[in-house]
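Visitor: I should like a close look at one part of this protein, namely its pockets. Please take me through them in order.

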Amino acid sequence: MIDLACRALQATLPTPLQRWGWAIRCEAAAIPDDSKALLFTLGSLCGLMPRAVASRLLTIFASPVGDHVSRPEGSTIMHIVNAATRRPRALGIVCLTSAVLLGTAYMAIAGAPMRYLGVNLGALIIGLTLLLLLERAARSGQGWTDGANLMMAGALLATALFGSQADGIARWVYWGGLAMQPSLILLPTMLVAFSRFRNVPATVSIVAAAVAMALQPDRAMAAMLVICLTALAVTRPDRHVCTALAASAASFAATLIRADRLPAVPYVDQILYSSFDLHAVAGLAVLGGLMLLVVPSVIGWRRAAQSRAIYVAFGAVWSAAILAAALGNYPTPVVGYGGSAIIGYALSLLALPKFSSANALATAPKCGAIDDMPTDGPLSVALA
(Lines give C-alpha, C1' and ligand atoms only; values in the text may rest on other atoms or scores of the structure.)
Protein backbone atom coordinates (compact mmCIF):
# COMPACT_ATOMS: atom_id res chain seq x y z
CA MET A 1 0.00 0.00 0.00
CA ILE A 2 2.84 2.39 0.87
CA ASP A 3 4.55 1.63 -2.42
CA LEU A 4 1.35 2.13 -4.42
CA ALA A 5 0.62 5.42 -2.70
CA CYS A 6 4.14 6.69 -3.37
CA ARG A 7 3.97 5.63 -7.02
CA ALA A 8 0.60 7.35 -7.48
CA LEU A 9 1.96 10.53 -5.93
CA GLN A 10 5.10 10.56 -8.08
CA ALA A 11 3.07 9.89 -11.22
CA THR A 12 0.83 12.87 -10.50
CA LEU A 13 3.38 15.41 -9.33
CA PRO A 14 4.73 17.80 -11.99
CA THR A 15 8.46 17.87 -12.58
CA PRO A 16 9.24 20.77 -10.21
CA LEU A 17 7.57 18.86 -7.33
CA GLN A 18 9.11 15.45 -8.03
CA ARG A 19 11.66 15.97 -5.25
CA TRP A 20 8.80 15.99 -2.75
CA GLY A 21 7.70 12.60 -4.02
CA TRP A 22 11.15 11.08 -3.55
CA ALA A 23 11.50 12.68 -0.11
CA ILE A 24 8.18 11.20 1.03
CA ARG A 25 9.17 7.76 -0.29
CA CYS A 26 12.50 7.88 1.60
CA GLU A 27 10.85 9.19 4.76
CA ALA A 28 8.20 6.44 4.69
CA ALA A 29 10.90 3.78 4.19
CA ALA A 30 12.72 5.06 7.28
CA ILE A 31 9.68 4.66 9.56
CA PRO A 32 9.91 1.22 11.29
CA ASP A 33 6.18 0.95 12.08
CA ASP A 34 4.29 0.00 8.93
CA SER A 35 1.01 1.52 10.16
CA LYS A 36 2.66 4.85 10.94
CA ALA A 37 4.52 4.74 7.64
CA LEU A 38 1.22 4.16 5.77
CA LEU A 39 -0.53 6.98 7.64
CA PHE A 40 2.40 9.30 6.89
CA THR A 41 2.30 8.38 3.19
CA LEU A 42 -1.48 8.81 2.90
CA GLY A 43 -1.29 12.14 4.73
CA SER A 44 1.39 13.36 2.34
CA LEU A 45 -0.66 12.09 -0.61
CA CYS A 46 -3.73 14.05 0.53
CA GLY A 47 -1.66 17.16 1.15
CA LEU A 48 0.19 17.27 -2.16
CA MET A 49 -2.38 15.78 -4.54
CA PRO A 50 -4.64 18.90 -4.80
CA ARG A 51 -1.62 21.05 -5.67
CA ALA A 52 -0.41 18.51 -8.20
CA VAL A 53 -3.82 18.28 -9.90
CA ALA A 54 -4.19 22.08 -9.95
CA SER A 55 -0.76 22.44 -11.51
CA ARG A 56 -1.59 19.86 -14.19
CA LEU A 57 -4.90 21.60 -15.03
CA LEU A 58 -3.27 25.02 -15.25
CA THR A 59 -0.60 23.62 -17.53
CA ILE A 60 -3.26 22.11 -19.77
CA PHE A 61 -5.03 25.48 -19.92
CA ALA A 62 -1.82 27.33 -20.63
CA SER A 63 -1.08 25.25 -23.71
CA PRO A 64 -4.20 26.22 -25.70
CA VAL A 65 -3.55 29.94 -25.17
CA GLY A 66 -0.09 29.38 -26.56
CA ASP A 67 2.37 29.50 -23.69
CA HIS A 68 4.81 26.73 -24.44
CA VAL A 69 7.69 28.33 -22.64
CA SER A 70 8.99 26.57 -19.57
CA ARG A 71 7.97 28.35 -16.40
CA PRO A 72 9.01 28.28 -12.80
CA GLU A 73 6.62 26.67 -10.37
CA GLY A 74 4.39 29.14 -8.56
CA SER A 75 4.06 31.62 -11.42
CA THR A 76 1.84 29.56 -13.72
CA ILE A 77 -1.19 31.81 -13.41
CA MET A 78 0.86 34.87 -14.32
CA HIS A 79 2.23 33.04 -17.37
CA ILE A 80 -1.28 32.06 -18.41
CA VAL A 81 -2.41 35.68 -18.21
CA ASN A 82 0.62 36.84 -20.18
CA ALA A 83 0.13 34.15 -22.81
CA ALA A 84 -3.53 35.06 -23.22
CA THR A 85 -2.80 38.75 -23.62
CA ARG A 86 -0.19 38.01 -26.28
CA ARG A 87 -2.85 36.36 -28.47
CA PRO A 88 -5.80 38.72 -28.91
CA ARG A 89 -7.97 36.25 -30.83
CA ALA A 90 -7.56 33.52 -28.25
CA LEU A 91 -8.28 36.08 -25.53
CA GLY A 92 -11.38 37.15 -27.45
CA ILE A 93 -12.56 33.54 -27.64
CA VAL A 94 -12.17 33.20 -23.87
CA CYS A 95 -14.07 36.46 -23.29
CA LEU A 96 -16.84 35.47 -25.70
CA THR A 97 -17.27 32.02 -24.18
CA SER A 98 -17.32 33.44 -20.66
CA ALA A 99 -19.85 36.11 -21.63
CA VAL A 100 -22.14 33.54 -23.24
CA LEU A 101 -21.98 31.37 -20.12
CA LEU A 102 -22.75 34.38 -17.91
CA GLY A 103 -25.69 35.22 -20.17
CA THR A 104 -26.86 31.63 -19.89
CA ALA A 105 -26.68 31.91 -16.10
CA TYR A 106 -28.77 35.08 -16.23
CA MET A 107 -31.44 33.44 -18.39
CA ALA A 108 -31.53 30.40 -16.13
CA ILE A 109 -32.09 32.63 -13.08
CA ALA A 110 -34.69 34.66 -14.97
CA GLY A 111 -36.60 31.49 -15.88
CA ALA A 112 -36.14 31.77 -19.64
CA PRO A 113 -37.20 28.76 -21.73
CA MET A 114 -34.50 26.13 -22.02
CA ARG A 115 -34.64 26.54 -25.79
CA TYR A 116 -33.24 30.05 -25.38
CA LEU A 117 -30.20 28.72 -23.54
CA GLY A 118 -29.67 26.12 -26.25
CA VAL A 119 -29.91 28.74 -29.00
CA ASN A 120 -27.20 30.89 -27.41
CA LEU A 121 -24.88 27.93 -26.82
CA GLY A 122 -25.51 26.69 -30.35
CA ALA A 123 -24.70 30.15 -31.71
CA LEU A 124 -21.42 30.07 -29.80
CA ILE A 125 -20.46 26.79 -31.46
CA ILE A 126 -21.49 28.08 -34.89
CA GLY A 127 -19.61 31.34 -34.42
CA LEU A 128 -16.37 29.70 -33.34
CA THR A 129 -16.62 27.17 -36.15
CA LEU A 130 -17.11 29.94 -38.72
CA LEU A 131 -14.18 31.84 -37.23
CA LEU A 132 -11.92 28.85 -37.73
CA LEU A 133 -13.14 28.19 -41.28
CA LEU A 134 -12.94 31.83 -42.37
CA GLU A 135 -9.50 32.24 -40.83
CA ARG A 136 -8.28 29.52 -43.17
CA ALA A 137 -10.13 31.01 -46.14
CA ALA A 138 -8.68 34.48 -45.46
CA ARG A 139 -5.20 33.18 -46.21
CA SER A 140 -6.15 33.07 -49.88
CA GLY A 141 -5.45 36.79 -50.20
CA GLN A 142 -6.88 40.24 -50.72
CA GLY A 143 -9.35 39.24 -53.43
CA TRP A 144 -11.19 37.10 -50.92
CA THR A 145 -11.46 40.03 -48.49
CA ASP A 146 -12.84 42.43 -51.11
CA GLY A 147 -15.38 39.88 -52.27
CA ALA A 148 -16.47 39.09 -48.71
CA ASN A 149 -16.96 42.80 -47.92
CA LEU A 150 -19.12 43.33 -51.00
CA MET A 151 -21.17 40.20 -50.27
CA MET A 152 -21.81 41.31 -46.69
CA ALA A 153 -22.89 44.76 -47.86
CA GLY A 154 -25.21 43.15 -50.39
CA ALA A 155 -26.74 40.97 -47.67
CA LEU A 156 -27.46 44.04 -45.55
CA LEU A 157 -29.12 45.82 -48.47
CA ALA A 158 -31.17 42.72 -49.28
CA THR A 159 -32.35 42.55 -45.67
CA ALA A 160 -33.44 46.20 -45.81
CA LEU A 161 -35.37 45.63 -49.05
CA PHE A 162 -36.74 42.12 -48.61
CA GLY A 163 -36.33 41.22 -44.93
CA SER A 164 -39.09 40.45 -42.47
CA GLN A 165 -40.81 43.59 -41.20
CA ALA A 166 -42.33 44.66 -37.90
CA ASP A 167 -44.00 48.07 -37.63
CA GLY A 168 -42.39 49.06 -40.92
CA ILE A 169 -38.88 48.10 -39.75
CA ALA A 170 -36.98 45.44 -41.72
CA ARG A 171 -33.99 44.12 -39.76
CA TRP A 172 -34.49 40.38 -39.66
CA VAL A 173 -34.47 37.26 -41.76
CA TYR A 174 -35.89 33.91 -40.66
CA TRP A 175 -33.86 30.74 -40.94
CA GLY A 176 -34.97 27.44 -39.46
CA GLY A 177 -37.76 29.15 -37.55
CA LEU A 178 -35.30 31.53 -35.85
CA ALA A 179 -35.15 35.28 -36.42
CA MET A 180 -31.66 36.52 -37.22
CA GLN A 181 -30.43 40.11 -37.42
CA PRO A 182 -27.80 40.21 -40.21
CA SER A 183 -26.56 43.66 -39.19
CA LEU A 184 -25.45 42.35 -35.79
CA ILE A 185 -23.59 39.51 -37.49
CA LEU A 186 -22.00 41.34 -40.42
CA LEU A 187 -21.55 44.99 -39.50
CA PRO A 188 -19.06 44.47 -36.60
CA THR A 189 -16.97 42.26 -38.85
CA MET A 190 -17.01 44.78 -41.68
CA LEU A 191 -16.04 47.68 -39.41
CA VAL A 192 -13.17 45.93 -37.64
CA ALA A 193 -11.91 44.65 -41.00
CA PHE A 194 -12.16 48.21 -42.37
CA SER A 195 -9.88 49.40 -39.58
CA ARG A 196 -7.31 46.88 -40.75
CA PHE A 197 -7.59 47.28 -44.50
CA ARG A 198 -9.03 50.16 -46.46
CA ASN A 199 -9.39 50.50 -50.26
CA VAL A 200 -12.12 51.44 -52.70
CA PRO A 201 -14.11 48.15 -52.50
CA ALA A 202 -13.99 48.23 -48.68
CA THR A 203 -15.17 51.85 -48.63
CA VAL A 204 -17.97 51.10 -51.09
CA SER A 205 -19.05 48.22 -48.82
CA ILE A 206 -19.22 50.48 -45.76
CA VAL A 207 -21.18 53.14 -47.68
CA ALA A 208 -23.62 50.47 -48.88
CA ALA A 209 -24.00 49.23 -45.29
CA ALA A 210 -24.78 52.79 -44.19
CA VAL A 211 -27.49 53.01 -46.85
CA ALA A 212 -28.90 49.68 -45.63
CA MET A 213 -29.05 50.92 -42.01
CA ALA A 214 -30.94 54.01 -43.15
CA LEU A 215 -33.42 51.92 -45.15
CA GLN A 216 -34.11 49.30 -42.45
CA PRO A 217 -33.96 51.65 -40.40
CA ASP A 218 -31.69 50.63 -37.53
CA ARG A 219 -30.67 53.51 -35.29
CA ALA A 220 -28.43 51.40 -33.06
CA MET A 221 -26.40 49.97 -35.93
CA ALA A 222 -26.21 53.37 -37.64
CA ALA A 223 -24.83 54.76 -34.39
CA MET A 224 -22.31 51.92 -34.33
CA LEU A 225 -21.13 53.00 -37.78
CA VAL A 226 -20.76 56.64 -36.72
CA ILE A 227 -18.98 55.89 -33.44
CA CYS A 228 -16.53 53.42 -34.97
CA LEU A 229 -15.70 55.55 -38.00
CA THR A 230 -15.32 58.67 -35.85
CA ALA A 231 -12.81 56.81 -33.70
CA LEU A 232 -10.95 55.70 -36.83
CA ALA A 233 -10.99 59.26 -38.21
CA VAL A 234 -9.34 60.45 -35.01
CA THR A 235 -6.72 57.70 -34.75
CA ARG A 236 -5.90 57.02 -38.41
CA PRO A 237 -7.66 59.40 -40.83
CA ASP A 238 -7.57 59.02 -44.61
CA ARG A 239 -9.92 59.64 -47.51
CA HIS A 240 -11.59 56.26 -47.19
CA VAL A 241 -12.45 56.80 -43.54
CA CYS A 242 -13.72 60.33 -44.20
CA THR A 243 -15.95 59.13 -47.04
CA ALA A 244 -17.39 56.30 -44.98
CA LEU A 245 -17.88 58.60 -41.98
CA ALA A 246 -19.84 61.10 -44.07
CA ALA A 247 -22.12 58.33 -45.35
CA SER A 248 -22.63 56.90 -41.86
CA ALA A 249 -23.47 60.33 -40.43
CA ALA A 250 -26.13 60.79 -43.10
CA SER A 251 -27.46 57.31 -42.36
CA PHE A 252 -27.69 58.00 -38.64
CA ALA A 253 -29.50 61.29 -39.31
CA ALA A 254 -31.99 59.41 -41.49
CA THR A 255 -32.73 56.92 -38.71
CA LEU A 256 -33.46 59.78 -36.31
CA ILE A 257 -36.22 61.08 -38.54
CA ARG A 258 -38.35 57.94 -38.18
CA ALA A 259 -39.60 57.00 -34.74
CA ASP A 260 -38.47 53.60 -33.42
CA ARG A 261 -41.40 52.30 -31.37
CA LEU A 262 -40.55 48.62 -31.19
CA PRO A 263 -41.33 47.31 -27.69
CA ALA A 264 -38.76 45.62 -25.48
CA VAL A 265 -38.52 41.85 -25.99
CA PRO A 266 -38.17 39.69 -22.85
CA TYR A 267 -34.64 38.33 -22.23
CA VAL A 268 -33.37 40.42 -25.18
CA ASP A 269 -33.89 44.15 -24.55
CA GLN A 270 -33.46 46.25 -21.41
CA ILE A 271 -32.01 43.39 -19.39
CA LEU A 272 -29.04 45.44 -18.15
CA TYR A 273 -31.36 47.12 -15.64
CA SER A 274 -34.09 44.55 -15.17
CA SER A 275 -31.57 41.82 -14.29
CA PHE A 276 -30.62 43.63 -11.05
CA ASP A 277 -34.31 43.87 -10.13
CA LEU A 278 -34.53 40.11 -10.59
CA HIS A 279 -31.49 39.16 -8.48
CA ALA A 280 -28.09 40.65 -7.75
CA VAL A 281 -26.36 37.56 -9.16
CA ALA A 282 -28.30 37.86 -12.40
CA GLY A 283 -27.40 41.54 -12.66
CA LEU A 284 -23.73 40.88 -12.02
CA ALA A 285 -23.75 38.11 -14.63
CA VAL A 286 -25.14 40.47 -17.28
CA LEU A 287 -22.84 43.35 -16.30
CA GLY A 288 -19.78 41.09 -16.10
CA GLY A 289 -20.54 39.54 -19.48
CA LEU A 290 -20.85 42.94 -21.14
CA MET A 291 -17.57 44.12 -19.61
CA LEU A 292 -15.80 41.06 -20.99
CA LEU A 293 -16.73 42.08 -24.55
CA VAL A 294 -14.34 45.06 -24.50
CA VAL A 295 -11.47 43.35 -22.65
CA PRO A 296 -9.55 42.42 -25.87
CA SER A 297 -9.63 46.03 -27.06
CA VAL A 298 -8.50 47.43 -23.71
CA ILE A 299 -5.59 45.00 -23.38
CA GLY A 300 -4.65 45.35 -27.04
CA TRP A 301 -4.61 49.14 -26.75
CA ARG A 302 -2.12 48.94 -23.91
CA ARG A 303 0.13 46.24 -25.35
CA ALA A 304 0.27 46.92 -29.11
CA ALA A 305 0.73 50.54 -30.13
CA GLN A 306 1.19 49.53 -33.79
CA SER A 307 -2.34 48.13 -34.05
CA ARG A 308 -4.25 50.57 -31.88
CA ALA A 309 -6.58 51.57 -34.73
CA ILE A 310 -7.82 47.98 -34.90
CA TYR A 311 -8.42 47.77 -31.17
CA VAL A 312 -10.10 51.17 -31.20
CA ALA A 313 -12.51 49.95 -33.88
CA PHE A 314 -13.20 46.71 -32.04
CA GLY A 315 -13.85 48.51 -28.76
CA ALA A 316 -15.97 51.20 -30.41
CA VAL A 317 -18.15 48.64 -32.19
CA TRP A 318 -19.04 46.65 -29.11
CA SER A 319 -19.22 49.67 -26.82
CA ALA A 320 -21.76 51.15 -29.23
CA ALA A 321 -23.81 47.95 -29.13
CA ILE A 322 -23.76 47.97 -25.32
CA LEU A 323 -24.64 51.67 -25.19
CA ALA A 324 -27.58 51.17 -27.56
CA ALA A 325 -28.88 48.32 -25.41
CA ALA A 326 -28.61 50.51 -22.32
CA LEU A 327 -30.44 53.47 -23.88
CA GLY A 328 -33.15 51.86 -26.01
CA ASN A 329 -35.02 48.72 -26.95
CA TYR A 330 -32.12 47.12 -28.79
CA PRO A 331 -30.63 43.65 -28.27
CA THR A 332 -28.22 43.31 -25.35
CA PRO A 333 -25.20 41.78 -27.12
CA VAL A 334 -24.09 38.23 -26.30
CA VAL A 335 -25.53 38.03 -22.76
CA GLY A 336 -29.15 38.45 -23.91
CA TYR A 337 -31.19 35.89 -25.83
CA GLY A 338 -30.23 35.77 -29.49
CA GLY A 339 -27.43 34.26 -31.50
CA SER A 340 -26.77 37.10 -33.96
CA ALA A 341 -24.49 39.12 -31.65
CA ILE A 342 -22.68 35.96 -30.54
CA ILE A 343 -21.87 34.98 -34.10
CA GLY A 344 -21.04 38.59 -34.96
CA TYR A 345 -18.60 38.87 -32.07
CA ALA A 346 -16.87 35.65 -33.05
CA LEU A 347 -16.51 36.78 -36.67
CA SER A 348 -15.21 40.22 -35.66
CA LEU A 349 -12.30 38.48 -33.88
CA LEU A 350 -11.05 37.49 -37.33
CA ALA A 351 -9.75 41.04 -37.91
CA LEU A 352 -7.77 41.21 -34.68
CA PRO A 353 -4.01 40.69 -34.87
CA LYS A 354 -2.78 37.22 -34.03
CA PHE A 355 -0.03 38.34 -31.71
CA SER A 356 0.32 41.48 -29.64
CA SER A 357 4.10 41.36 -29.24
CA ALA A 358 6.13 43.89 -31.19
CA ASN A 359 8.00 41.19 -33.08
CA ALA A 360 4.94 39.33 -34.21
CA LEU A 361 2.79 42.28 -35.19
CA ALA A 362 2.91 43.62 -38.65
CA THR A 363 3.65 47.26 -39.06
CA ALA A 364 0.85 49.72 -38.70
CA PRO A 365 -1.73 49.24 -41.44
CA LYS A 366 -1.47 51.75 -44.20
CA CYS A 367 -4.09 52.87 -46.67
CA GLY A 368 -4.39 50.10 -49.25
CA ALA A 369 -2.28 47.64 -47.26
CA ILE A 370 -3.27 44.72 -45.09
CA ASP A 371 -1.75 43.06 -42.08
CA ASP A 372 -0.22 39.68 -42.67
CA MET A 373 -2.51 36.77 -41.95
CA PRO A 374 -0.07 34.09 -40.82
CA THR A 375 -1.16 30.68 -39.72
CA ASP A 376 -2.57 30.48 -36.23
CA GLY A 377 -2.10 27.03 -34.91
CA PRO A 378 -2.95 27.95 -31.31
CA LEU A 379 -6.31 29.31 -32.51
CA SER A 380 -7.31 25.85 -33.66
CA VAL A 381 -6.27 24.42 -30.32
CA ALA A 382 -8.15 27.14 -28.45
CA LEU A 383 -11.30 26.43 -30.43
CA ALA A 384 -11.00 22.75 -29.66
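Which element gives the most to the lining of the largest pocket, and with how many residues?

Guide: The model shown here is predicted. In it, helix H6, spanning 114-137, gives the most to the lining of the largest pocket, with 6 residues. That pocket encloses about 860 Å³ of space. Its lining comprises 37 residues, and H6 is one of several elements that each supply at least two of them. The others are strand S1 (164-166), strand S2 (169-175), strand S3 (178-180) and helix H16 (340-348). Nearest the centre of the largest pocket lie Trp-172, Ala-179, Met-180, Tyr-337 and Gly-338. By class, the lining of this pocket holds 23 nonpolar, 11 polar and 3 charged residues.

The second largest pocket may be described in the same order. Its volume is about 540 Å³, and 25 residues line it. Leu-134, Trp-144, Met-152, Thr-189 and Leu-350 are the lining residues nearest its centre. H6, S2 and H16 each supply at least two residues to this lining, as they do to the lining of the largest pocket. Helix H7 (142-162) and helix H8 (182-196) likewise each supply at least two residues to the second largest pocket. Here the largest share of the lining, 6 residues, comes from H8. The lining of the second largest pocket consists of 21 nonpolar, 3 polar and 1 charged residues.

Notes. Residues are numbered from 1 along each chain as its sequence is written. This is a predicted model: local features need pLDDT of at least 70, side-chain atom pairs count only at pLDDT 80 or more; totals for chains, interfaces and linings use all residues. Side-chain values use heavy atoms; hydrogens and water are left out. On a 1 Å grid over the protein atoms alone, a cavity is a set of points where a 1.4 Å probe fits but cannot get out, and a pocket is an open set with protein on both sides within 12 Å along at least five of seven lines; lining residues have an atom within 4 Å of a point. Grid points are joined across faces, edges and corners, and a volume is the space filled by probe spheres set on the points. Helices (H or I, at least four residues) and strands (E, at least two) are DSSP runs, numbered from the N terminus. Ala, Val, Leu, Ile, Met, Phe, Trp, Tyr, Cys and Pro count as nonpolar, Asp, Glu, Lys and Arg as charged, and the others, Gly among them, as polar.
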